Amino acid sequence: ENGDIVKTTKLCEDIDNDQYTLWCIDNVARQIHPLTASNINKVFDLCHQVGPYWEEKCIVVNAGSYGSVGDPKSAITICNSPLSPPAQTECFRTVIGQLAPDPNLTVEQKASLCQLMAPPFSSQCFASLPK
């Protein structure tokens, strides 16, 4: 609501349908990506505003946004940040899913990006690369 992340999150939570609330929060998180202006530290500050329940989902969505606009290194940095195990797993699943089929990167470039990932995700990443 007029750029107020806290108010907009509250509006999402007030929807009387869990699936619509989830979609709404997902859209709030996607709107945060352009506000970060390529500064991944802003992801954490802005996602913190959605509250503790949604914060990690917001961070994961933003990692995926960085990956989808051709900045996998920033996406990996976000996923390597302190996240709960389920959130970190989801984060790397998203990023690896974008990285493996990316036609704009060579297998060598993909492998060097896999090396940046925390274990065990780095090995999962290597396993996803074409042989």
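**Exercise 1.** In this predicted model, Glu90 is partly exposed, with a relative accessible area of 35%. Find the salt-bridge partner of Glu90 and give the closest N and O distance.

*Solution.*
1. The partner is Arg93, and the closest N and O atoms of the pair are 2.7 Å apart.
2. A salt bridge requires a distance within 4 Å, and 2.7 Å meets that cut-off.
3. Both residues belong to helix 6 (residues 85–99), where a spacing of three residues puts about one helical turn between Glu90 and Arg93.
4. Arg93 has a relative accessible area of 52% and is exposed, because exposed means over 50%.

**Exercise 2.** Determine whether Asp26 is buried or exposed, and state which residue forms a salt bridge with Asp26 at 2.6 Å.

*Solution.*
1. The relative accessibility of Asp26 is 15%. Buried means under 20%, so Asp26 counts as buried.
2. Arg30 is the residue in question, with its closest N and O atoms 2.6 Å from those of Asp26.
3. The two residues sit four positions apart in helix 2 (residues 18–35), about one turn of the helix.
4. Arg30, at 43% relative accessibility, is partly exposed.

**Exercise 3.** Work out which parts of the chain the salt bridge between Lys57 and Asp26 ties together.

*Solution.*
1. The closest N and O atoms of Lys57 and Asp26 are 3.5 Å apart.
2. Lys57 is in helix 4 (residues 55–68) while Asp26 is in helix 2, so the pair ties together parts 31 residues apart in sequence.
3. Lys57 is partly exposed, at 29% relative accessibility.
4. Salt bridges link Asp26, Arg30 and Lys57 in a network.
5. The whole structure contains four salt bridges.

Technical notes: Residues are numbered from 1 along each chain as its sequence is written. This is a predicted model: local features need pLDDT of at least 70, side-chain atom pairs count only at pLDDT 80 or more; totals for chains, interfaces and linings use all residues. Side-chain values use heavy atoms; hydrogens and water are left out. A salt bridge is a side-chain nitrogen of Lys or Arg within 4 Å of a carboxyl oxygen of Asp or Glu. Buried means under 20% relative accessible area, exposed over 50%, partly exposed in between (1.4 Å probe, protein chains only).
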